[in-house]
Amino acid sequence: MSDEIWNYFVKTGQASGEKDWGTIICSFQNSMALSFASVIQDLEEISGKKKDTVYMVGGGSRNVRLCQMMADATGKKVVTGGKESTSLGNLGAQLKYFEPALTVREIRSLLGKGIESTTYCCGKDSGEALKRYQRLER
């Protein structure tokens with residue numbers, strides 16, 4: 001499949017020469033970051049609420065480059081959370097079952113004490129990449 005992707009890049013003038021895995025992987029990351037940004041923009045339009053921070057959990061939050069690309073594409077701060085968020089959600093549900101008096105805020109506070117997080121600040125992306133992506137997407 002990588003040959004088909006590379007041939008498409010060459011055919012459309014996005015790349016030249018021999019297949020370069022770095023270019024292919026970067027295109028995947030760009031696509032993911034721009035897809036996230038597009039969905040976040042749609043959610044803000046639907047809800048009428050703008051947010052300045054995106055919280056990213058799970059395995060993707062380990063990818064420093066993807067997190068920074070997402071911050072740049074969304075124009076928002078990205079804060080990473082638990083790498084094993086499914087397990088933490090399960091633990092939170094069990095805490096609520098065994099201690100019904102705990103509030104969601106208290107459970108989050110308890111679980112959050114052992115989680116490392118990193119914050120990525122947005123760069124100076126003018127939003128042009130997202131506009132180009134959305135034209136292709138729709």
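Contact here means heavy atoms within 4.5 Å. With that in hand, welcome to a short tour of this predicted model. Glu-44 makes a good starting point: leaving aside neighbours within four places in sequence, Glu-44 is in contact with Lys-49, Lys-50, Lys-51 and Lys-76. From there we move to the helix pairs around H2, then to the sheet, and finally to two residues worth a look, Cys-67 and Gly-75.

**Glu-44 and its lysines**

- Glu-44 belongs to helix H2, which spans residues 21-47.
- Is Glu-44 buried or exposed? Its relative accessibility is 9%, and because buried means under 20%, Glu-44 counts as buried.
- Lys-76 is one of the contacts of Glu-44, and the others are Lys-49, Lys-50 and Lys-51.

**Helix H1 against helix H2**

- Two packed helices are described by the angle between their axes and the distance between the axes.
- For H1 (residues 2-11) and H2, the axes come within 11 Å and cross at roughly 85°.
- Angles of 65 to 115 degrees count as roughly perpendicular, so H1 and H2 are roughly perpendicular to each other.
- On the H1 side, the meeting residues are Ser-2, Ile-5, Trp-6 and Phe-9; on the H2 side, they are Trp-21, Thr-23, Ile-24, Ser-27 and Phe-28.
- Sorted by class, this contact of H1 with H2 has six nonpolar residues, three polar ones and no charged ones.

**Helix H2 against helix H6**

- H2 also meets H6 (residues 128-137), with axes that come within 10 Å and cross at roughly 85°.
- That angle makes H2 roughly perpendicular to H6.
- H2 contributes Ser-31, Leu-34, Ser-35, Ala-37, Ser-38 and Gln-41, while H6 contributes Ala-129, Leu-130, Tyr-133, Gln-134 and Glu-137.
- The contact of H2 with H6 divides into five nonpolar, five polar and one charged residues.

**The sheet and its β-α-β unit**

- Strands of a sheet pair through backbone hydrogen bonds, either parallel or antiparallel.
- In this model, three strands form an open sheet in the order E1-E2-E3, and the pairing is mixed.
- Which strands sit at the edges? They are E1 and E3 (119-120), each of which pairs on one side only.
- E1 (residues 53-56) and E2 (residues 77-80) pair in the parallel sense, over four bridges.
- Among the bridge partners, Thr-53 is matched with Lys-77 in E2, and Val-54 with Val-78 in E2.
- Helix H3 (residues 64-74) joins E1 and E2 in a right-handed β-α-β unit.

**Cys-67 in helix H3**

- Cys-67 lies in H3 and is buried, with a relative accessible area of 0%.
- Which residues does Cys-67 touch, not counting residues up to four places away in sequence? They are Met-56, Gly-60, Ser-61, Val-78, Thr-80 and Tyr-120.
- Cys-67 and Met-56 are eleven residues apart along the chain, and their C-alpha atoms are separated by 8.1 Å.

**Gly-75 in the loop before E2**

- Gly-75 is found in the loop between H3 and E2.
- Gly-75 has a relative accessible area of 46%, so this glycine is partly exposed.
- From C-alpha to C-alpha, Gly-75 and Val-54 are 9.9 Å apart in space, and they are 21 residues apart in sequence.

Key
Residues are numbered from 1 along each chain as its sequence is written. This is a predicted model: local features need pLDDT of at least 70, side-chain atom pairs count only at pLDDT 80 or more; totals for chains, interfaces and linings use all residues. Side-chain values use heavy atoms; hydrogens and water are left out. Axes are lines fitted to C-alpha atoms, for helices over the stretch in contact, and angles run from 0 to 180 degrees between N-to-C directions. Angles under 35 degrees count as roughly parallel, over 145 as roughly antiparallel, 65 to 115 as roughly perpendicular and the rest as oblique. Ala, Val, Leu, Ile, Met, Phe, Trp, Tyr, Cys and Pro count as nonpolar, Asp, Glu, Lys and Arg as charged, and the others, Gly among them, as polar. Two strands pair if DSSP finds at least two bridges between them. A crossover is right-handed if, with the strands pointing away from the viewer, the path from the first strand over the helix to the second runs clockwise. Buried means under 20% relative accessible area, exposed over 50%, partly exposed in between (1.4 Å probe, protein chains only).
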